[in-house]
Amino acid sequence: MSIPTSSSRATTIELDSREGSDEPFSDDLIRRRIKEYKWFVHTNFGNGIVARSDSWPDQPEDSWHAGASKFDFIVRRNLPDLQGKRILEIGCNAGVISIHMARLGAAEVVGVDCDRGWSKWKEQAEFVKAALEWRCKATYNVRYVECDMGDLPSLDLGEFDAVIALNCLYYVDETTMARVTRHAAAVAPLFLVQSNVGDHPGLRHRTNVAFLQKLLESNGFPRVTVDQPWDKPRRGFLPRRYTRPVILGHRG
Ligand SMILES: C[S@@+](CC[C@H](N)C(=O)[O-])C[C@H]1O[C@@H](n2cnc3c(N)ncnc32)[C@H](O)[C@@H]1O
């Protein structure tokens with residue numbers, strides 16, 4: 001596996017809150033910076049400071065449908081042990097899951113998103129990373145790249161052990177979905193795509209398991225498996241299947 005040299009490979013803990021600013025991190029600074037962004041998932045900065053989700057204010061902190069707890073429920077068990085692995089995360093948003101993977105031992109995570117999808121996402125993700133590195137006195141080898149996922153083939157990000165696209169691939173059209181999938185097959189032996197059979201009636205079939213299965217099969221992943229467990233039991237309701245199953249494309 002070729003690993004390109006990353007200029008962002010952190011060797012020291014950055015104490016500055018952002019480039020060009022000499023105000024060091026503090027709880028007060030983190031609280032102020034949180035207000036500069038909108039938040040997709042609740043984001044825990046430690047010491048009782050949590051950026052609450054604007055997209056989904058009622059989501060439980062340990063939701064199986066969002067953030068690091070979603071990763072732990074449905075994604076982690078479908079990836080190889082992350083120790084030493086190189087992972088590409090498409091549609092990484094503010095980087096909560098990218099950082100989580102680095103904390104679980106990934107050697108490098110490259111997160112890709114685009115401003116058109118989430119305004120100021122890269123600045124926000126760099127803030128989350130720097131604030132958590134300061135809080136945890138750690139460094140995370142995570143770097144972020146501004147790129148429409150459809151343009152990924154034009155970048156040389158090297159090879160990966162896995163590419164993941166959680167609740168995002170279906171935002172682009174079918175032709176672009178196929179291009180992204182072929183690119184994933186060119187750079188990694190495993191492509192994990194999260195579907196969404198509950199929301200997004202407007203996106204219709206593109207979010208569906210059957211469509212995504214066929215997409216992966218026809219674009220470089222001859223073996224495709226699906227993981228759709230039961231959802232968390234809810235009192236008074238019949239058991240039901242998890243509405244965000246993952247589809248796994250295996251190259252070999
Ligand atoms: C519903 S959010 C999911 C975020 C994260 N993957 C998760 O599961 O928590 C969709 C993300 O996909 C990103 N996105 C949408 N269209 C994109 C595109 N064409 N290229 C790259 N990212 C895109 C959005 O900016 C947003 O961050």
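This report walks through a predicted model, starting with its sheet and ending with its ligand.

## The sheet

Let's begin with the strands. Seven of them form an open sheet, and reading across it you meet β5-β4-β3-β6-β7-β9-β8, with mixed pairing. At the edges sit β5 (142-146) and β8 (223-227), each of which pairs on one side only. On average, neighbouring strands in this sheet are turned by 20° against each other, direction ignored.

As general background, strands of a sheet pair through backbone hydrogen bonds, either parallel or antiparallel.

## Around β4 and β5

Now zoom in on one pair. Strand β4 (residues 108-113) runs parallel to β5, and 5 bridges join the two. If you'd like one to look up, V112 has V145 in β5 as its bridge partner.

Helix α3 (residues 96-103) packs on the sheet here, touching β3 (86-90), β4 and β5. The direction of α3 makes about 175° with that of β4.

## Helix α5

Next up is α5, a helix of 14 residues covering 174-187. From first C-alpha to last, α5 reaches 20 Å, close to the 20 Å expected at 1.5 Å a residue.

Which residues of α5 are buried? They are M177, V180, T181, H183, A184, A185 and V187. Among the elements covering these buried residues are β6 (162-165), β7 (190-194) and α6 (209-217).

## The ligand's surroundings

Finally, have a look at the ligand, which has 16 residues around it. The closest are G91, G117, W118, L166 and C168. Sorted by class, this shell holds 10 nonpolar, 4 polar and 2 charged residues.

Key: Residues are numbered from 1 along each chain as its sequence is written. This is a predicted model: local features need pLDDT of at least 70, side-chain atom pairs count only at pLDDT 80 or more; totals for chains, interfaces and linings use all residues. Helices (H or I, at least four residues) and strands (E, at least two) are DSSP runs, numbered from the N terminus. The expected span of a helix is 1.5 Å times one less than its number of residues. A residue is buried if 20 or more other C-beta atoms lie within 10 Å of its own, exposed if 12 or fewer, and partly exposed in between; C-beta atoms are placed from the backbone. Two residues are in contact if their C-beta atoms, placed from the backbone, lie within 7 Å. A residue is near a molecule or strand if its C-beta atom, placed from the backbone, lies within 6 Å of it. Ala, Val, Leu, Ile, Met, Phe, Trp, Tyr, Cys and Pro count as nonpolar, Asp, Glu, Lys and Arg as charged, and the others, Gly among them, as polar. Two strands pair if DSSP finds at least two bridges between them. Axes are lines fitted to C-alpha atoms, for helices over the stretch in contact, and angles run from 0 to 180 degrees between N-to-C directions.
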